[in-house]
Amino acid sequence: MKTFEEKWTAWLDGQLSGRELTEFEASLPDKAAADAERAEAKKLGTLLKRELSAQALTNDEFFSHQVHERIARESASQSRERYAEVSTWWTIRRLLWTGTASLAVFLVFAVFVIRDKNPAEPSQYLTQILNARVDPVVSPNATVSMFEAKEDRVTVLWTEGLQSLPADYAAK
Amino acid sequence: MARSLPLLTAFIALIMSAAADLHGAETVWSGLVIAENVAQPQAIPPELTRIERPLKHLFGYNQFQVIGQSRKTLQTGQEDWLATSKFFGLHVDAQGETEAGYVLNLKLYKEKELLLETDAKLNKRSPLIIKGPQVGSGQLLLVLVVQ
């Protein structure tokens with residue numbers, strides 16, 4: 001047993017026939033208004049069919065649309081990455097500043113180290129004579145002095161006035 | 001990581017022991033040299049080649065002959081040795097090693113007579129030359145070099 005709504009929908013779609021159609025139209029309180037409503041529904045149906053079929057994408061268009069969307073997505077992601085690279089902390093400018101600052105710190109330390117070093121201090125790279133003495137009995141007038149020949153990296157203990165000896169003493 | 005740690009330790013120990021060996025295996029050459037001016041000078045002895053220029057420049061002689069020498073390899077820096085000629089003796093007493101070289105006490109004897117005594121820090125890269133007494137027409141020089 002169909003309800004009124006089911007019969008109404010079937011009547012709008014033109015699916016009622018025979019005795020069922022006659023009985024339903026007879027049950028309508030205002031046949032003219034119902035006919036007008038059915039005409040409107042048909043018009044709407046026609047319009048929707050036309051419009052919806054126009055909006056539907058064909059396969060080619062759908063594929064093309066997807067490709068375009070993907071390209072747009074990847075481009076956006078690449079530009080985000082590029083932006084991330086550019087905005088990293090170590091920009092060229094910051095590198096230059098850091099290098100300059102490091103050089104300045106190095107120079108300051110170098111100056112302090114050089115100033116702290118006593119130039120009168122004997123060189124660490126040459127032999128040093130700590131002391132020297134001659135026997136005052138054997139060589140009463142002997143003197144000793146020392147000097148460094150820095151260009152040859154040689155240290156010399158220079159004695160004067162030691163007792164002279166005959167040539168025989170040069171024997172091996 | 002656990003396996004590589006002992007290997008690393010062994011490697012470091014090996015390097016350190018090798019470095020210590022190298023550090024303690026230096027040789028000090030001590031020489032008694034007669035410097036003279038002669039018409040036909042002989043070639044300078046190989047031990048003195050390194051200091052030929054300052055020898056000639058500072059002392060003004062053209063021939064240098066080794067009359068006594070000693071080559072001592074130092075292990076502890078506490079060794080002592082003697083370089084002798086017929087009449088002279090140079091006694092060297094190493095009294096410790098520093099980062100730069102050795103602390104030495106040097107005594108020059110003429111036979112048994114002490115002529116000169118000095119203490120010096122002999123640098124490994126800086127020879128020591130001592131002007132000794134006049135001998136005939138020449139000059140006795142004492143030379144110490146870390147080789």
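Two strands are counted as paired if DSSP finds at least two bridges between them. The exercises below apply this criterion to a predicted model.

**Exercise 1. Decide which strand of chain A pairs with S7(B), and in which direction the two run.**

Solution. Step 1: count the bridges. Strand S3 of chain A, residues 154–160, is joined to S7(B) by three bridges. Step 2: apply the criterion. Because at least two bridges are required, S3(A) and S7(B), with three bridges, count as a pair. Step 3: read the direction, which is parallel. Step 4: locate a facing position. Val156(A) lies opposite Ile129(B) of S7(B).

**Exercise 2. Place this pair in its sheet, and identify the edge strands.**

Solution. Step 1: write the strand order. The sheet is open and has six strands, in the order S2(A)-S3(A)-S7(B)-S8(B)-S1(B)-S2(B). Its pairing is mixed. Step 2: find the strands that pair on one side only. These are strand S2 (143–149) of chain A and S2 of chain B. Step 3: add the twist, which averages 20° from one strand to the next.

**Exercise 3. Describe how S1(B) is joined to S2(B) and to S8(B).**

Solution. Step 1: take S2(B). Strand S1 of chain B, residues 26–36, is linked to S2(B) through eleven bridges, and the two strands are antiparallel. Within this pair, Val28(B) faces Lys72(B), and Gly31(B) has Gln69(B) as its bridge partner. Step 2: take S8(B). Here eight bridges connect the strands, again in an antiparallel arrangement. Ile34(B) is found opposite Leu140(B).

**Exercise 4. Characterise the largest nonpolar core and the contacts of one of its members, Val33(B).**

Solution. Step 1: state the extent of the core, which comprises 42 residues. Step 2: name the members that touch the most others. They are Leu32(B), Val33(B), Leu90(B), Leu141(B) and Val143(B). Step 3: assign the largest share. Strand S8 of chain B, residues 138–146, supplies six residues. Step 4: examine Val33(B). Apart from neighbours within four places in sequence, Val33(B) contacts Leu48(B), Phe64(B), Gln65(B), Val66(B), Leu141(B) and Val143(B).

**Exercise 5. Determine how many residues each chain brings to the contact, and analyse the side belonging to chain B.**

Solution. Step 1: count the residues. Chain B contributes 36 residues and chain A contributes 32 residues. Step 2: list the elements of chain B that each supply at least two residues to its side: helix H2 (52–59) and strands S2 (63–74), S6 (113–123) and S7 (128–135). Step 3: identify the leading contributor. S6(B) gives the most, with eleven residues. Step 4: sort this side by class. There are 18 nonpolar, ten polar and eight charged residues.

**Exercise 6. Summarise the make-up of chain B and the confidence of the prediction.**

Solution. Step 1: list the secondary structure. Chain B has two helices and eight strands, which follow one another as α-β-α-β-β-β-β-β-β-β. Step 2: consider burial and contacts. Of its 147 residues, 35% are buried. Among contacts in chain B with a separation of 6 or more, 44% involve residues 24 or more positions apart. Step 3: examine pLDDT. The average for chain B is 86, and 83% of the residues score at least 70. Residues 14–22 of chain B stay under 50, and the model gives them zero contacts beyond four places in sequence. Step 4: turn to the complex, for which the predictor reports an ipTM of 0.82 and a pTM of 0.57.

Technical notes
Residues are numbered from 1 along each chain as its sequence is written. Chains are lettered from A and ligands numbered from 1 in the order in which they are written. This is a predicted model: local features need pLDDT of at least 70, side-chain atom pairs count only at pLDDT 80 or more; totals for chains, interfaces and linings use all residues. Two residues are in contact if their C-beta atoms, placed from the backbone, lie within 7 Å. Helices (H or I, at least four residues) and strands (E, at least two) are DSSP runs, numbered from the N terminus. Ala, Val, Leu, Ile, Met, Phe, Trp, Tyr, Cys and Pro count as nonpolar, Asp, Glu, Lys and Arg as charged, and the others, Gly among them, as polar. pLDDT is the predictor's confidence in each residue, from 0 to 100. A residue is buried if 20 or more other C-beta atoms lie within 10 Å of its own, exposed if 12 or fewer, and partly exposed in between; C-beta atoms are placed from the backbone. Axes are lines fitted to C-alpha atoms, for helices over the stretch in contact, and angles run from 0 to 180 degrees between N-to-C directions. A nonpolar core is a set of buried Ala, Val, Leu, Ile, Met, Phe, Trp, Tyr and Cys residues joined through C-beta atoms within 7 Å.
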